[in-house]
Amino acid sequence: MTLKLTKEIRKQAVTDEYGVVYTQDGEWLISAQGCTVQDYWIKEGTKYIDHVAFHNSQVTHLHQPESLEAIGMDAYGFCHIESLNLPKNLRYIPGVNPFTHCYGVKQVTCESEWLVVEQGLLYSRDHKVLYGAVTNDFPERLILEEPLEVIVNGAFNGRKRLKEVMIPDSVEELGKGSFVRTSLERVRLSCNIKEIPTECFASCKLREVVIPEGVEQIADGAFSENPLLKKVSLPSTLKGTGRDVFAGCPHRGKKV
């Protein structure tokens, strides 16, 4: 599914009495940035929430209709939401944590048949995809479990609570910036990951990194700005690295 509105459709958008912008047919919520109330009920019949729709919105309590099927990238990012529901028919989330830079959520009611929230983390119902942190109820020392396969972009972006993560060998894909700006001190990586993506572990508190055999690429800035990093073990399978992989890690010492 691709969430995209044409310019022509956007030109015909209408604004409700609370300052929220919808498409003329009411199927898309385009923007809630101008919403004038904190407790907001999205109109029944709305199927899609556009990318960054709630950025900088003052909404604190969001009620989403059963008709909702999909939300766009960063739909709730940079907002003030404290509580919301994930309705029964919500099934599509693009490969980015929709709650990136949304750290005030305290209560999530998940009614979706395709998603589940456990310990403050949002997963696909089959537990193969981890979208990331929704609330701060996850443990500081997090042990992820099989059958997890994918951790999406920005899954834990800025979640200072996180200090340690154990990633099972069932994981084959990490997203860009999935652990950036956390308080990670220790990470156990899956041996089935081929690439460590851009800024995946940037701006953390890592002291030692063991990159397992099987990893072939380390992308730009993957471990940058880890001033406490003293030791890095690289695998024999490594074929290439991006730019500034260890930039800002003055004490990383000798790579072995």
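Strands are DSSP runs of at least two residues, numbered from the N terminus. The model described here is predicted, and the strand numbers below follow that convention.

## Pockets

The largest pocket has a volume of about 210 Å³. Two strands, strand 17 (186-188) and strand 19 (208-210), each contribute at least two residues to the lining of this largest pocket. The lining consists of Glu185, Arg186, Val187, Arg188, Leu189, Cys191, Glu208, Val209, Val210 and Pro212. By class, six of these lining residues are nonpolar, four are charged and none is polar.

The second largest pocket has a volume of about 180 Å³. It is lined by 14 residues, of which Glu118, Tyr123, Ile143, Leu144 and Glu145 are the closest to its centre. Strand 11 (121-124) and strand 13 (141-143) each supply at least two residues of this lining. The largest share, three residues, comes from strand 13. The lining of the second largest pocket comprises eight nonpolar, two polar and four charged residues.

## An open sheet of five strands

Five strands form an open sheet in the order 1-2-3-5-7, with mixed pairing. At its edges stand strand 1 (14-15) and strand 7 (70-71), each of which pairs on one side only. Strands of a sheet pair through backbone hydrogen bonds, in either the parallel or the antiparallel sense. Between strand 1 and strand 2 (residues 21-22) the pairing is antiparallel and extends over two bridges. Within this part of the sheet, Val14 is positioned opposite Tyr22 of strand 2.

## Backbone geometry in the loops

Most residues other than glycine have a negative phi, and most peptide bonds are trans. The residues tabulated below depart from one or the other of these tendencies.

| Residue | Backbone feature | Location |
|---|---|---|
| Gln119 | phi near 50° | loop between strand 10 (115-118) and strand 11 |
| Glu225 | phi near 60° | loop between strand 20 (217-218) and strand 21 (231-233) |
| Pro147 | cis bond from Glu146, omega near 15° | loop between strand 13 and strand 14 (150-151) |

Gln119 and Glu225 can be assigned to accessibility classes. Gln119 has a relative accessible area of 54% and is therefore exposed, because the exposed class begins over 50%. Glu225, at 43%, is partly exposed, since its value falls between the limits of 20% and 50%.

## Thr60: a buried loop residue

Is Thr60, in the loop between strand 5 (48-49) and strand 6 (61-63), buried or exposed? Its relative accessibility is 9%, so Thr60 counts as buried; the buried class covers values under 20%. Beyond its neighbours within four places in sequence, Thr60 is in contact with Gln38, His80, Ile81, Glu82 and Ser83. A further spatial relation links Thr60 to Tyr40: these residues are 20 apart along the chain, and their C-alpha atoms are separated by 8.1 Å.

## Elements that recur

Strand 13 connects two parts of this account. Strand 13 supplies three residues to the lining of the second largest pocket, and the loop between strand 13 and strand 14 holds Pro147, whose peptide bond from Glu146 is cis. Strand 11 likewise supplies at least two residues of the lining of the second largest pocket, and the loop between strand 10 and strand 11 holds Gln119, a residue with positive phi.

Notes: Residues numbered from 1 in each chain as written. Predicted model: local features only at pLDDT ≥ 70, side-chain atom pairs only at ≥ 80, totals over all residues. Heavy atoms only, no water. 1 Å grid on protein atoms, 1.4 Å probe; cavity = no way out; pocket = protein on both sides within 12 Å on 5 of 7 lines; lining within 4 Å. Points joined across faces, edges and corners; volume = space filled by probe spheres on them. Helix = DSSP H or I, 4+ residues; strand = E, 2+ residues; numbered from the N terminus. Nonpolar A, V, L, I, M, F, W, Y, C, P; charged D, E, K, R; others polar. Pairing = 2+ DSSP bridges. Buried < 20%, exposed > 50% of the residue type's maximum accessible area, 1.4 Å probe, protein only. Contact = heavy atoms within 4.5 Å.
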